[in-house]
Amino acid sequence: MGKLPRLLMGRYELDKLLGKGSFAKVYHARNVDTREEVAIKIMDKDHLSKLGAVQVQQQIMREIDIMRRVRHPHVVRIHEVMATRKSIFVVMEFVGGGTINARLVHRAGRGISEASARRVFQQLVSALDYCHSLGVYHRDIKPENILIDATGNIKVADFGLSVVLAGGMAQREALLHTVCGTPMFIAPEVFLRCGYDGAKADVWACGVVLFALVAGRYPFNHKDTSLYHMIRRCDYHCPPWFSTGLVALVHRILCPDPALRITIPQMKENLWFKKNFKEIPRSLSEPELCDSDFDSDDESTTSSVSSSTSTGDLASLMACPMHTSVSAPSLTTLQNTGSAAVQAQPLMRRHKSLNAFDIIASSPSLNLSGLFEEPSEHMRFVSAAPVPKIISKLEEIAAHVSFTARTKEYQVRIEETRNGNQGVLLISAKIFELTPEIVMVKVCKKAGDTAQYWQFCNNELKPGLRGLVDGLPEDNA
């Protein structure tokens with residue numbers, strides 16, 4: 001990575017290096033307009049290309065995707081993503097108090113009080129409970145990935161090894177098979193390679209962290225092959241200063257049988273845990289995606305059950321000449337300039353959250369749509385027309401070819417019927433608010449033949465919407 005400018009992208013003043021890994025460096029910076037402190041993860045495109053590993057690309061895209069979903073007071077927040085010809089920049093919330101690990105090292109094996117450990121542990125469990133509700137499993141919980149802010153509260157970081165199981169409950173209960181994480185925090189069932197529950201594996205890691213907070217040392221700390229056997233046998237001993245309640249809770253968390261291990265809902269009923277516990281109101285968690293936002297017509301979020309998740313190609317991000325953030329531009333502007341918004345906040349009650357990354361996906365210079373859907377079967381356009389007028393026009397277009405149009409809030413479901421049988425061709429048109437004056441309409445094929453879908457779009461939908469919307473694609477690309 002070459003020498004970085006003092007003023008990054010004209011808006012962030014770079015400061016000291018906070019840390020570095022195998023393919024990224026993290027700097028402290030400050031927004032020159034708002035004076036807000038941020039942390040910026042910088043990745044060199046040439047270095048990433050030389051690494052050439054699909055797994056590295058997957059890890060980068062998965063971490064960005066997961067961090068944009070999770071909005072919780074105890075999870076590090078992502079602000080925006082930018083890129084130049086040489087580098088990729090991920091701008092995140094700055095957490096200035098260091099890591100839990102640094103605090104433990106500083107105390108040299110003495111641990112902290114149970115009251116202090118309980119507060120940290122409650123916040124950690126609260127964050128993971130929220131993540132699990134979205135189908136996100138961290139899989140690398142450890143003190144190095146738990147940061148402390150200026151007020152003494154914690155923030156969970158580093159979702160690079162996380163996994164997403166979206167969709168129905170059955171899918172979220174699917175077993176994971178990828179062995180990942182830091183050995184002394186890995187649950188025993190993960191080592192067996194027979195499939196494991198991501199939530200229960202995270203609970204185990206939380207138990208190791210809790211033990212370390214109070215004991216000042218880890219329960220399993222051998223660096224040779226005996227570590228695995230210690231974990232399998234649960235060969236650890238609580239120090240004499242652990243209270244009876246804490247000992248009982250640790251034993252229920254560090255239980256080698258995942259079927260008998262305490263769950264987070266059960267933990268919240270534990271007497272030791274719930275002392276002075278304050279549940280985070282759901283409204284403060286600002287969920288990007290939650291089950292109540294979906295109905296049966298919506299496409300599901302891309303899911304993954306192992307590190308081999310299909311995340312799409314990083315080539316478009318690697319190749320993009322320039323991407324910076326602006327506030328809610330029209331998609332025609334995005335397509336013409338190659339810039340994309342990453343901070344637009346949708347105000348309309350919607351089916352699926354429209355966020356920065358959906359808008360980025362609309363820009364040819366930074367096309368991340370392969371992460372979520374098949375790009376050949378959808379299109380987006382913008383309009384300054386009132387929403388009722390757009391819906392009315394969509395219904396009119398459907399009626400013109402004797403298709404059925406069903407409207408629910410801001411979604412129009414257009415369905416072909418033949419001989420009384422439904423389901424030949426199904427198209428979804430969903431409307432999202434970019435600004436109070438501008439909306440985005442996303443059209444995609446839900447079922448049926450792709451050629452027939454594009455025939456409808458080219459012969460009926462596009463001509464019918466001309467003059468009402470802006471940014472209609474001229475071809476099928």
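In this predicted model, the largest pocket has a volume of about 850 Å³. Its lining is made up of 29 residues, and those that lie nearest the centre of the pocket are Gly19, Val26, Lys41, Ala157 and Asp158. Four elements give two or more residues to this lining, namely the strands β2 (12–20), β4 (37–44) and β6 (87–93) together with the helix α2 (54–69). The lining is also shared between domains, since at least three of its residues come from domain 1 (6–93) and at least three from domain 2 (98–269). Sorted by class, the residues that line the largest pocket comprise 13 nonpolar, 9 polar and 7 charged ones.

Beyond the pocket, three pairs of packed helices can be described by the angle between their axes, by the distance between those axes and by the handedness of the crossing. The table gives the angles and distances.

| Helix pair | Angle | Axis distance |
|---|---|---|
| α4 (114–133) and α7 (198–215) | about 165 degrees | 10 Å |
| α14 (387–400) and α15 (450–465) | about 140 degrees | 10 Å |
| α7 and α9 (244–253) | roughly 150 degrees | within 9 Å |

How are α4 and α7 oriented relative to each other? With an angle of about 165 degrees between them, α4 is roughly antiparallel to α7, because an angle over 145 degrees counts as roughly antiparallel. The crossing of this pair, α4 and α7, is right-handed.

Helix α7 appears again in the pair that it forms with α9, where the axes cross at roughly 150 degrees, and α7 and α9 are therefore roughly antiparallel to each other. The crossing of α7 and α9 is left-handed, whereas the crossing of α4 and α7 is right-handed.

The remaining pair consists of α14 and α15, which pack at an angle of about 140 degrees with their axes 10 Å apart. Helices α14 and α15 are therefore described as oblique to each other, and their crossing is right-handed.

Methods
Residues numbered from 1 in each chain as written. Predicted model: local features only at pLDDT ≥ 70, side-chain atom pairs only at ≥ 80, totals over all residues. Heavy atoms only, no water. 1 Å grid on protein atoms, 1.4 Å probe; cavity = no way out; pocket = protein on both sides within 12 Å on 5 of 7 lines; lining within 4 Å. Points joined across faces, edges and corners; volume = space filled by probe spheres on them. Nonpolar A, V, L, I, M, F, W, Y, C, P; charged D, E, K, R; others polar. Domains from an automatic or database assignment. Axes fitted to C-alpha atoms, helices over the stretch in contact; angles between N-to-C directions. Parallel < 35°, antiparallel > 145°, perpendicular 65-115°, else oblique. Left-handed = near helix turned anticlockwise from the far one by under 90°.
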